[in-house]
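Q: Could you take a close look at one part of this structure with me? I would like to go through the surroundings of the ligand.

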Amino acid sequence: MGHKIMQRRQLADEVVQLTVEAPLIAAERRPGQFVIVQLNDDFGERIPLTIADADAKSGTITLIFQTVGKTTHLLGDLREGDTIANLLGPLGQPTHVEKYGHVVAVGGGIGGAPLYPIAKAMREAGNRLTVILGARNRDLLILDQEMRAVADEFILCTDDGSAGRKALVTEPLRELCEATHAPDLVVAIGPPIMMKFCAETTRPFNIRTVVSLNTIMIDGTGMCGGCRVSVGGETRFVCVDGPEFDGHKVDFDNMIQRLGAYREHEDVAHEKCHLELQANERNASDT
Amino acid sequence: MRNAIWNYKLMNETHPTPETLDREARAQLEALETIGLDNLKNRDRLKIPPQNMPAQEPGVRRLNTREVTLGYSDAQARVEALRCLQCRNAPCVAGCPVRIDIPRFIKACAAGDHDAAIAVIKENSLLPSVCGRVCPQEVQCQEHCTVGKSLKDIGLAVSIGRIERYVADHERETGKAQPPPVKPDTGKRVAVIGSGPAGITVAADVRREGHAVTMFEALHKPGGVMMYGIPEFRLPKDIVRFEIDNLRRMGVEVRPNFVVGRTRALHKLLEEDGYDAVFIGSGAGLPKFMNIPGENLVGVFSANEYLTRCNLMRAYDADRADTPVARGRHVAVLGGGNVAMDAARTAVRLGAESVALVYRRTRTEMPARVEEVEHAEEEGVEFHLLVNAQKIIGDEHGQVRAMECLKYELGEPDDSGRRRPVAIPGSEFTMAVDTVIVAIGNDSNPLLRQTTDGLDSNRWGNIVTDENGKTSLDRVFAGGDIVLGAATVILAMGEGRRAAQSINNMLKPI
Ligand SMILES: Cc1cc2nc3c(=O)[nH]c(=O)nc-3n(C[C@H](O)[C@H](O)[C@H](O)COP(=O)(O)OP(=O)(O)OC[C@H]3O[C@@H](n4cnc5c(N)ncnc54)[C@H](O)[C@@H]3O)c2cc1C
Ligand code: SF4
Ligand code: FES
């Protein structure tokens, strides 16, 4: 058994795209949903990955991930023709897609992967679509061509200015919020700290902001509660109640702490001080 | 932080070895044989010493994950069986949720005919190796046993469960446990959702009649709570695997990694995929939390998460497993049921320095099996009774540091007849802990309810069925924890039996 890898592409430095045979999931999945991947029955870890794209006809789904932990590294080492032992899905509530008017989709880093199918669906539903795509540098950019192709307006930023604007994604987002025709909906997907600051950016403007959370998961079916987050003071399970929530209500600080519970890598912390420093600088210059 | 406060006295108390117990039992059997087993009067039988269950020594087993109890020897099983008075009214049978003919199987065991004994059990139960280990016998069959009544101690009742376990293990270990015969194919197909005891029972009973069966399981390993929840030291996973393999040998197709309602909608199974009936045995897997401040801090787990990490993901095997588990130094477990005991004893095995079990009522009200409570205590779990957690306190990193508790006393009995715990004002105190495991039970998994139109459920989220196990939807049946709320293996099995009967009746050619 297992799911065969039909295609493997290296999208960026540490970012891999796999096209995997999974006909049932391909047929049922809708934007916003994810799968749980496990490479080994007995000792393998179960990790959630968003379905970046699917082709019901060929029965395949596309997964895009950054090789950050043991499982994603092993997954990234797989070749075409190899198999993935366990794939469960599609899980989570699909994105609520309708005609809102002007939708701004903000993607940071690997967050561009889950964002892409949502952006595409929003555009197909007749929304005017602005995409803001950000990365630390040009080598880490993914899906920029694809995003450019679906967006009415496309804004690219990198932290170091090696491609597009030298800015954090929150900068163009704030400009859009300040414009005469403010967005009707913002969808922000990326590192937790980025989503937190996107939500903070839109909050004063009262613009609905949807975020998609990628917490630690085990079963993905609501059985363990390991994925729980606090939303508006209530405990919710990301795998069954989410992954999308109202960004203005999510307790990001708690979520970030919980995400770090088992993390050997300090990249969250790294990302965090980086963004907070810049945010502080900006706040300082605002006042 | 507190010091390690293990109760070394209990832990170092030595128990008779399996060899000693067996030697004694052989001698007892020989003595009884000289009287003549058929000549034994009730008076004689009441004098036969109750057989102790051999177990790993507490100080040893707390360092390993192997099964704690080692099982009776042949002689022990027979001597214990000879204690049965063969009551004509068989009060024990009324206490067994699936009405096993207990006196008949015990009689066969006493005579040394273990094949006949297991055959009697299997008329009513499909999972005797499991039930013999995990049934709460002291509130089922053994509660009503005349021997216990005569000796004025339920603890001295005939150990029905241990005899059941012995004959079931004997059958399996001697390679005699064959899957039941399957009738010729009927061309009908049945989908079973969930692979816990309810699902396993339906799969076997329906397949026996010659219907094709597919069993869908969301997780990567079938077995339900028996696999992911109940730890190896209480229910070896080889036994669960054996039961699943038996289903496969009967021709049941097992499909792991398939969550009905997401991978495929339930109604599509009936309308598009050609299934003639569906059984829902999706269990109660939705962990309850206390709704107290601090419950989302780092270091707070549901028992389901803690146990799943250890059992299903093998986190205790840190060298090989990719899934980590918090190796708490000072662990508090909230609750008093089997789930709480399992979590506490797992924490012991993961090397905690102290494990505190915090329960709102007293030991008598604990819903856990008596044996598990005793074993937990022997392994050094400290019981904090009439205490409840109020608040979990974290440090600046969001990591648990302490728990604020309140003391309770027992007041008037509530609806369930148990005396209601009442908080004592001003009795707050804090306990220094770094890990808190919430083990206060499970609600029904809402996934199928949410994704299936027209499936009626009650206000607790349990699926509503009629007396035949049928739901509000045509051709859809349900049973086990998803109907009963978190209950027991044997009840789930009994419900499965009943639903399978209804499905078989419905599919019978007219
Ligand atoms: C830690 C713990 C200890 C326990 N100890 C005891 C004990 O000592 N004695 C005792 O008698 N009972 C005990 N119980 C209770 C007992 O395990 C349950 O009552 C029993 O397992 C219920 O059986 P079930 O078949 O209804 O469901 P479960 O065993 O819960 O199995 C349901 C299965 O269905 C799967 N599933 C759910 N939704 C879907 C879906 N949509 N699609 C596909 N699959 C799905 C789940 O993944 C699960 O594997 C314990 C429970 C726990 C959690
Ligand atoms: S199945 Fe459980 S209740 Fe029935 S006889 Fe066996 S141990 Fe007793
Ligand atoms: S991952 Fe277990 S409940 Fe969400």
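Which polar backbone atom is 3.2 Å from an oxygen atom of ligand 1? Please go on from there to the rest of the shell.

A: Happy to! This is a predicted model, and the backbone atom you ask about belongs to B:Ala487. Two other residues of chain B also have a polar backbone atom facing an oxygen atom of ligand 1: for B:Asp481 the distance is 2.8 Å, and for B:Val489 it is 3.0 Å. With the protein around it, ligand 1 has 96% of its 1000 Å² of accessible area covered.

Now for the residues that do the covering. The shell around ligand 1 holds 34 residues, and B:Asp481 is among the closest, together with B:Val134, B:Ala198, B:Glu217 and B:Arg234. By character, 18 of the shell residues are nonpolar, 11 are polar and 5 are charged.

It also helps to see where they sit in the fold. In chain B, helix H12 (197-208), helix H17 (338-349) and helix H21 (489-507) are the elements that each supply two or more residues to this shell. Of these, H17(B) gives the largest share, with 3 residues. At the level of domains, both domain 2 (189-285 + 444-506) and domain 3 (287-442) of chain B contribute at least three residues each to the surroundings of ligand 1.

So much for the ligand; a short word on the partner chain may help you place chain B. Its contact with chain A takes 45 residues from chain B and 40 from chain A, and the area buried between the two is about 3600 Å².

Methods. Residues numbered from 1 in each chain as written. Chains lettered and ligands numbered in written order. Predicted model: local features only at pLDDT ≥ 70, side-chain atom pairs only at ≥ 80, totals over all residues. Heavy atoms only, no water. Near = heavy atom within 4 Å. Polar contact = N/O pair within 3.5 Å; in protein donor to acceptor, adjacent residues only side chain to side chain. Areas by Shrake-Rupley, 256 points an atom, 1.4 Å probe, with all protein chains shown as cover. Helix = DSSP H or I, 4+ residues; strand = E, 2+ residues; numbered from the N terminus. Nonpolar A, V, L, I, M, F, W, Y, C, P; charged D, E, K, R; others polar. Domains from an automatic or database assignment. Contact = heavy atoms within 4.5 Å. Buried area = accessible area lost by both parts, 1.4 Å probe.
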